[in-house]
Amino acid sequence: MEDAMVGTVIALISVTDIDSGKNGHIDCVISQDVPFKIQSSFNNHYTLMTAEPLDREKVSEYNITITATDSGYPSLSTNKTILLKVSDVNDNAPRFSKSSYTVYVTENNPPGATVCTVTALDPDSNQNSYLSYSILDRMIQGLPSRTYVSINSDNGKVYALRSFDYEQIKEFQIQILAQDTGFPPLSSTA
């Protein structure tokens, strides 16, 4: 898991060598540069654990090659590769593609016309990256903003709910929230 603390046990590994004496004594190492370490536990049992923090958005999976070498002469060794997929935690808030949007609407537009589409992305995965859009309540000439526009919560399309008259309202501002479905949910506004 991406928020695993350093020292978190990932796997317990048992290695056997049918030779006796020092020829049967085994040492295990990780041969590549990965944020994991392997430690001897007891009698050819090893613990694979995190050695550094993990960030799924930077590296989502690791191929960890463990080399087991005996103490015989000549020494013999074998490799085993473990595929480790880092599971996601909701550690990133959605980000809009723009911090603000300026939109021009034609006067006397038909109600229901698409005004614009806002877009946000969340680098997390699965439910942590699914977004829902909503309009935050603000007052526009004494009326809630939701009486002027609506938004499709799935795709960020903003629709006019009425025909706009330039002589009555020249401009107004709304604030849109993008919220992910992770736990706890994270959000941002534009």
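## A buried proline, two open sheets and a pocket

At 8% relative accessibility, P35 counts as buried, because anything under 20% relative accessible area falls in that class. This is a predicted model, so take everything here as computed from predicted coordinates. P35 sits in the loop between β2 (26–30) and β3 (36–42). From P35 to M5 the C-alpha to C-alpha distance is 12 Å, with their positions 30 residues apart in sequence.

**The sheet with β2**

β2, the strand on one side of that loop, also belongs to an open sheet of three strands. The order is β2-β5-β6, and the pairing is antiparallel. Which strands stand at the edges? They are β2 and β6 (77–85); each has a single partner strand, so one side of each is left without a neighbour in the sheet. On average, neighbouring strands here are turned by 25° against each other, direction ignored. β2 and β5 (residues 61–70) run antiparallel and are joined by five bridges. If you want a spot to look at in the viewer, V29 stands opposite T67 in β5.

**The sheet with β15**

Another open sheet has three strands in the order β10-β15-β16, again with antiparallel pairing. Its edge strands are β10 (131–136) and β16 (187–189), each pairing on one side only. From one strand to the next the twist averages 20°. β15 (residues 175–180) pairs with β16 in the antiparallel sense over three bridges, and L177 stands opposite T189 in β16.

**The largest pocket**

β15 turns up again in the largest pocket: β15 and β8 (114–117) each supply at least two residues of its lining. How much space lies in the largest pocket? About 820 Å³. There are 25 lining residues, and the closest to the pocket centre are T102, V103, Y104, E171 and F172. By residue class, the lining divides into 16 nonpolar, five polar and four charged.

**Backbone oddities in the loops**

Two cis peptide bonds are worth a look. One runs from Y73 to P74, with omega near -5°, and P74 is in the loop between β5 and β6. Another joins F183 and P184, with omega about -10°; P184 lies in the loop between β15 and β16. Each of these loops therefore connects two strands that appear in the sheet orders above, β2-β5-β6 and β10-β15-β16.Two asparagines also have positive phi values, N108 near 60° and N126 about 50°. The table puts their loops and accessibility side by side.

| Residue | Phi | Loop | Relative accessible area |
|---|---|---|---|
| N108 | near 60° | between β7 (95–96) and β8 | 56%, exposed |
| N126 | about 50° | between β9 (120–121) and β10 | 55%, exposed |

Are N108 and N126 buried or exposed? At 56% for N108 and 55% for N126, they count as exposed, because the class begins over 50%.

**Cysteines**

How many disulfides does a search of the whole structure find? Zero. As for C28 and C116, C28 has a relative accessible area of 6% and C116 has 17%. Both values are under 20%, so C28 and C116 count as buried.

How values were computed. Residues numbered from 1 in each chain as written. Predicted model: local features only at pLDDT ≥ 70, side-chain atom pairs only at ≥ 80, totals over all residues. Heavy atoms only, no water. Pairing = 2+ DSSP bridges. Helix = DSSP H or I, 4+ residues; strand = E, 2+ residues; numbered from the N terminus. Axes fitted to C-alpha atoms, helices over the stretch in contact; angles between N-to-C directions. Disulfide = S-S within 2.5 Å. Buried < 20%, exposed > 50% of the residue type's maximum accessible area, 1.4 Å probe, protein only. 1 Å grid on protein atoms, 1.4 Å probe; cavity = no way out; pocket = protein on both sides within 12 Å on 5 of 7 lines; lining within 4 Å. Points joined across faces, edges and corners; volume = space filled by probe spheres on them. Nonpolar A, V, L, I, M, F, W, Y, C, P; charged D, E, K, R; others polar.
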